[in-house]
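Welcome! Let us learn to read a protein model together, one feature at a time.

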Amino acid sequence: MFDPLEKLKEYIRCQSVSADSSFGAGMTQARDFVSGLLGGIGLDVEVIDTPLHPIILAKRGGDPSWPHVVIYGHYDVQPPDPVDLWTTPPFEPTERDGRLYGRGAADNKGPFMVHVAAVGSLLEEHPDLPLRITFLVEGEEEIGSPSLEGFLSACKDCIAGDFVLLSDTASPSEDQIVITSGLRGIITLEAELIGASGDFHSGMHGGAFLNPIQALTGLCASLHHEDGRVNIDGFYDDIVEVAPWEREELSRLGTTEEEYREFVGVRKFKTLNDVSPFEGIRFYPTLEFNGIGGGYQGEGSKTVIPSSAFVKISCRLVANQDTDRIEKLVIAALRDRCPDDVTLTVKPGQKGDPYLVVPPGRPNTPSDQSPVLARAFESTIESVTRVFGRPPLFLREGGSVPIIADLHRALGMDSIMLGLCLPEDRLHAPNESLHLGVMKKAIPVSRDILKSVAGV
Ligand code: BES
Ligand code: MN
């Protein structure tokens, strides 16, 4: 068997930033790396072209009566910027204090490596393991998986399995593991306002027409009420009710509000209806501004009325909300409220549906839940409890992994999401790292899940 840590270091060296086309060579390198790795543990690897970044499928076939697990991961990472805030370079994996630093170490290269190492060692030990396995590794997760829908409709049969196993979500601490029971959906968009035909001297022209930054800030301000609620009629319709067991699990999070407040460094929380911040993240939708710009950004002042201004907006959505409907509502609010002095263009971006799975034995567990999935959940609970010393919590997460809802919609497959990232891992930020103790412990957990599904 290969050494998972050494392989992970090699993987992190591939600069696989999907958002930026100048990283094309790194994307190819990461793809070749994953193909080689999965081929090396005896799987049949196929690289499937898409309009953007190819998808890797690696299979262990077998008797159609055997259970079939699909293991998901993504080989793309977020851009490393701002690079000068990294202590060591983002694509030079570096070990410090039990952590491995590097872009993608936690999201998603390390947690993915856990499952590859588990399958590799399991197949070595049990060459006749009665289990079909398909690895599905995409290269567009961090940009909203635009090629996935086409892939799924063309290739349903080649990945239809009993359930999906992945680690692309978080846990609150190294000894409190979470099995993620829900993900928020997402829509992103960019709005641009154009006023005058060019930039103009703010003394010669100021006072004559509306400044697009002023129009934009007014427009943005209109999107929330004073108390923080999104000010768009119908935005909160349809949101799924929180089950009592979910609140009970959340009460065992092990992190206090004060600890979390200090961690993020804010003065106070602002949540919908004053719910706890932990509920605000998991159970309710948001509308956020992710970037805003226009006019002079350099040193000193520049007396100018800019021609244009822009804002990048995203909404996180919870189960039952209709992604398309919310996108329409937000765009309509922008159009209705934008002063007609300026021209508004809205560019829709990513879209991903929310997802919810109810583990076995809850009051709202679907009566037709697959027995293979139920068995896999039970063995995950059992193994996490033994290896990490405490039973896992089932919690929804605030983040999004759009493919998970797509797989459910297209193929009826539910997901077991073993959360292996920690709050300290700094996903998407400078100095991203992975807790190596968590990685090491998670490998036998993944093995236990696969063994129990195979019935050995
Ligand atoms: N792994 C994350 C999502 C995540 C992180 C879920 C922590 C739960 C806990 C994933 O790679 C990610 O960042 N997804 C993006 C999706 C977007 C770009 C469409 C996200 O959530 O912002
Ligand atoms: Mn990820």
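## Reading the model, turn by turn

A: Let us begin at the end of a helix: Gly412, just after helix 12, takes a positive phi of about 70 degrees. Keep in mind as we go that this is a predicted model.

Q: How much of helix 12 is covered, and how many of its residues are buried?

A: A helix has a regular rhythm: there are 3.6 residues a turn in an α-helix, so residues three or four places apart point the same way. Here, helix 12 spans residues 402–411 and is mostly covered, with seven of its 10 residues buried. Those buried residues are Pro402, Ile403, Ile404, Ala405, Asp406, Leu407 and Leu411.

Q: Which residues that are not glycines have a positive phi of about 50 degrees?

A: Asp97 is one of them, with a positive phi of about 50 degrees. Asp97 sits in the loop between strand 4 and strand 5 (99–101). Its relative accessibility is 80%, so Asp97 counts as exposed. Asn273 also has a positive phi of about 50 degrees without being a glycine. You will find Asn273 in the loop that runs between helix 8 (257–264) and helix 9 (277–283). Asn273 is exposed because its relative accessible area is 57%.

Q: Now the metal. Which residues coordinate the manganese ion (ligand 2)?

A: Look for the protein atoms that act as donors. The manganese ion (ligand 2) is coordinated by His74 through NE2, by Asp107 through an OD atom, and by Asp168, which is listed with OD twice; the distances run from 1.8 to 2.8 Å. Along the sequence, the spacing of these donor residues reads H-x32-D-x60-D. His74 and Asp107 link distant parts of the chain: His74 belongs to strand 3 (residues 68–74) and Asp107 to helix 3 (residues 105–125), 33 residues apart.

Q: What does the geometry of the manganese site look like?

A: As a general guide, ideal angles at a metal are 90 or 180 degrees for six octahedral donors. In this model, the site of the manganese ion (ligand 2) has six donor atoms with angles of 50 to 159 degrees among them, and it is irregular.

Q: Are His74 and Asp107 buried or exposed?

A: The cut-off to remember is that buried means under 20% relative accessible area. His74 is at 0% relative accessibility, so His74 counts as buried. Asp107 is at 6%, and therefore Asp107 counts as buried too.

Q: Where are the cis peptide bonds that join Asp81 and Asp107 to their partners?

A: The angle to read here is omega. A cis peptide bond joins Asp81 and Pro82, with omega about -10 degrees. Pro82 has its place in the loop between strand 3 and strand 4. The peptide bond from Asp107 to Asn108 is cis as well, with omega near 15 degrees. Asn108 lies in helix 3.

Q: Which residues come nearest to ligand 1?

A: Start with the shell, then look at individual contacts. Of the 18 residues around ligand 1, the nearest are Glu141, Asp168, Arg316, Ser400 and His428. By kind, the shell holds five nonpolar, seven polar and six charged residues.

Q: Which atoms lie 2.8 Å or 2.9 Å apart at ligand 1?

A: Three pairs are worth finding. An oxygen atom of ligand 1 is 2.8 Å from a side-chain N or O atom of Arg316. Glu142 has a polar side-chain atom 2.9 Å from an oxygen atom of ligand 1. Ser400 takes part through its backbone, with an N or O atom 2.9 Å from a nitrogen atom of ligand 1. On its own, ligand 1 has 520 Å² of accessible area, and the protein covers 90% of that.

Q: What joins the side chains of Gln78 and Glu142?

A: A polar contact of 2.9 Å does. Gln78 is in the loop between strand 3 and strand 4 (94–96). With 17% relative accessibility, Gln78 counts as buried.

Q: To finish with loops, where is Val342, and where is Arg426?

A: Val342 is in the loop between helix 10 (323–337) and strand 14 (343–352). Its relative accessible area is 7%, so Val342 is buried. Arg426 is in the loop between strand 17 (414–418) and strand 18 (433–435). At 47% relative accessibility, Arg426 counts as partly exposed.

Conventions: Residues numbered from 1 in each chain as written. Chains lettered and ligands numbered in written order. Heavy atoms only, no water. Donors = N, O, S within 2.8 Å, 3.2 Å for Na, K, Ca; no water. Tetrahedral: all angles 85-135°; square planar, octahedral: opposite > 155°, others 65-115°. Helix = DSSP H or I, 4+ residues; strand = E, 2+ residues; numbered from the N terminus. Buried < 20%, exposed > 50% of the residue type's maximum accessible area, 1.4 Å probe, protein only. Near = heavy atom within 4 Å. Polar contact = N/O pair within 3.5 Å; in protein donor to acceptor, adjacent residues only side chain to side chain. Areas by Shrake-Rupley, 256 points an atom, 1.4 Å probe, with all protein chains shown as cover. Nonpolar A, V, L, I, M, F, W, Y, C, P; charged D, E, K, R; others polar.
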